[in-house]
Amino acid sequence: MIKVGFSVNGKRVSVETSPTTTLLDILREGMGLTGTKEGCGKGECGACTVLMDGAPVVSCLVLASQIEGRKIMTVEGLAADKIGKALQEAFVEAGAVQCGYCIPGFLMSARALIEENPDPTLDQIKEGLSGNICRCTGYVKIFDAVALAARRLRG
Amino acid sequence: MRRIDTLSPGTLQEALEILAREGEGVKVIAGGTDLVVQVLERRKSPRLLLNLSRIGDLREIGEDGETVRIGALVTHRQIERSPILKRRAPLLCEAALLIGSPQLRNLATIGGNIVNASPVADSTPPLMALDATVSLRSARGERKIPLRAFFLGPGKTVIRRDELLAEVSFAGLGPDAASFYERLGQRRLLSISKVGVALAARRDGAALRGVSISLGAVASTVIMAPRTAAFIEGKPLGDEVAREAARIAEKESRAITDLRSTESYRNRMAGALLQKGLARLAAP
């Protein structure tokens with residue numbers, strides 16, 4: 001077992017775990033943060049996306065030994081975040097959610113995109129969300145929601 | 001994932017000492033995007049992981065006169081955005097943008113992509129076209145090996161058990177350069193390459209000089225296409241030259257049939273991608 005110290009949604013935590021436990025399992029099983037979803041479990045679908053030091057990563061491929069000192073942000077942290085809150089509201093308004101399973105991952109990718117590029121074009125939104133798969137095929141409304149949130153945040 | 005003992009050194013020197021000491025069954029983990037999946041699917045079962053994520057160096061892209069250096073722990077996201085590489089190796093930036101997804105590119109490292117030695121790796125054809133050199137470090141010292149002599153087969157390289165790939169370097173392209181990376185996959189992202197074609201050269205009026213072409217996913221390693229390059233050398237670019245170059249490339253391509261594509265389709269597409277890239281270079 002190893003002890004790893006990192007932060008989740010602004011709170012410092014220390015976890016004792018196997019070095020090869022995935023970040024996804026630490027969040028869901030160890031900390032009860034079940035907003036982050038497991039889809040394919042091998043890095044291809046984006047359902048498990050979280051931000052690590054601000055950059056979107058697939059938490060199913062990140063191991064406990066790799067998160068020492070890192071800042072993790074999950075979907076549970078969005079309500080207290082300006083961009084995150086705007087995205088949540090825009091997703092509801094645009095009707096961007098169908099079954100909802102992929103949405104936490106989409107929100108995290110969108111959060112990283114808008115922080116880096118407050119005025120994204122449609123192509124840039126598509127590129128920013130290209131690592132997230134929605135099997136209800138609701139992409140158009142998701143793109144609309146991200147554009148709406150970005151527009152509101154620019155004021 | 002099943003429990004595997006892991007060592008997480010803070011410096012490259014400590015990592016090299018661990019490799020020298022530990023012997024069989026050690027796997028190095030950098031971004032982990034290949035290795036974690038291989039372990040999950042039981043294709044690899046290491047006894048010990050050597051985790052490089054706490055090493056502070058090997059994370060920079062630098063320019064030193066003509067030479068461009070990329071540390072082994074540089075991510076594909078850094079590559080796709082690097083102002084140095086956009087200027088000195090734009091074909092490598094093009095390739096990086098086709099790898100995995102943003103979430104994978106934030107993790108996956110250039111060193112991992114090279115050492116994994118997949119014939120379908122997208123960063124390798126550009127680096128081979130640029131005639132890159134890899135620096136292999138061990139507790140005993142350093143070896144420099146041309147990337148073109150580094151790969152022995154799928155998953156097999158000349159790297160020794162006590163060595164780590166520390167850096168990849170090459171002479172950067174100049175302002176008169178022409179280059180591209182063209183690739184075909186099932187879809188643009190999150191797909192494994194069926195065929196990839198990289199070209200690096202310099203412009204001489206309407207012609208190309210110093211032409212170097214590599215082909216990915218059409219042999220057991222990424223290969224060079226010297227006969228195709230020699231044909232293009234010095235000829236003014238145009239439809240006729242591109243068509244004939246494509247025919248030669250099809251013959252130099254040595255594809256196999258597997259679950260992703262067939263031999264004949266891959267060989268034909270190696271030519272077609274070359275033709276497409278040459279058309280892009282000929283366009284005003």
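This is a short talk on how the two chains of this model touch and how some of their parts are packed.

Okay, quick reminder before anything else: we're looking at a predicted model. I'll go from the contact between the chains, to the domains of chain B, and then to two bits of local packing.

So, the chain contact. Chain A puts in 24 residues and chain B puts in 22. On the chain A side, strand β4, residues 55–58, gives the largest share, with four residues. If you sort that chain A side by class, you get 13 polar residues, eight nonpolar and three charged.

Now chain B by itself. The domain assignment splits chain B into domain 1 at 5–51, domain 2 at 61–171 and domain 3 at 177–282. Take domains 2 and 3 of chain B: their centres, over C-alpha atoms, are 20 Å apart. There, 21 residues of domain 2 of chain B are in contact with 24 residues of domain 3 of chain B. What does domain 2 of chain B use on its side? Elements giving at least two residues each include α5 (90–96), α8 (124–129) and β8 (151–153) of chain B. The largest share is five residues, from α8(B). By class, that domain 2 side of chain B has 13 nonpolar residues, with four polar and four charged.

Back in chain A, here's a helix pair. Helix α3, residues 103–116, and helix α5, residues 139–154, both of chain A, have axes that come within 11 Å and cross at roughly 40°. Because of that angle, α3(A) counts as oblique to α5(A). The crossing of α3(A) past α5(A) is right-handed. Who makes the contact? From α3(A) you have A:Phe106, A:Ala110 and A:Ile114, and from α5(A) A:Ile142, A:Val146, A:Ala149, A:Ala150 and A:Leu153. In class terms this contact has eight nonpolar residues, no polar ones and no charged ones.

Last stop, a sheet in chain B. Three strands of chain B make an open, parallel sheet, in the order β1-β3-β2. The edges are β1 (5–7) and β2 (26–29) of chain B, each pairing on one side only. From one strand to the next, the twist averages 30°. Zooming in, β2(B) and β3(B), residues 48–51, run parallel and are joined by four bridges. If you want a spot to click on, B:Val28 stands opposite B:Leu50 of β3(B). And lying across β1, β2 and β3 of chain B is helix α1 of chain B, residues 12–22, running at about 160° to β3(B).

That's my tour, thanks.

Notes. Residues are numbered from 1 along each chain as its sequence is written. Chains are lettered from A and ligands numbered from 1 in the order in which they are written. This is a predicted model: local features need pLDDT of at least 70, side-chain atom pairs count only at pLDDT 80 or more; totals for chains, interfaces and linings use all residues. Two residues are in contact if their C-beta atoms, placed from the backbone, lie within 7 Å. Ala, Val, Leu, Ile, Met, Phe, Trp, Tyr, Cys and Pro count as nonpolar, Asp, Glu, Lys and Arg as charged, and the others, Gly among them, as polar. Domain bounds come from an automatic or database domain assignment. Axes are lines fitted to C-alpha atoms, for helices over the stretch in contact, and angles run from 0 to 180 degrees between N-to-C directions. Angles under 35 degrees count as roughly parallel, over 145 as roughly antiparallel, 65 to 115 as roughly perpendicular and the rest as oblique. A crossing is left-handed if the near helix is turned anticlockwise from the far one by less than a right angle, and right-handed if clockwise. Two strands pair if DSSP finds at least two bridges between them.
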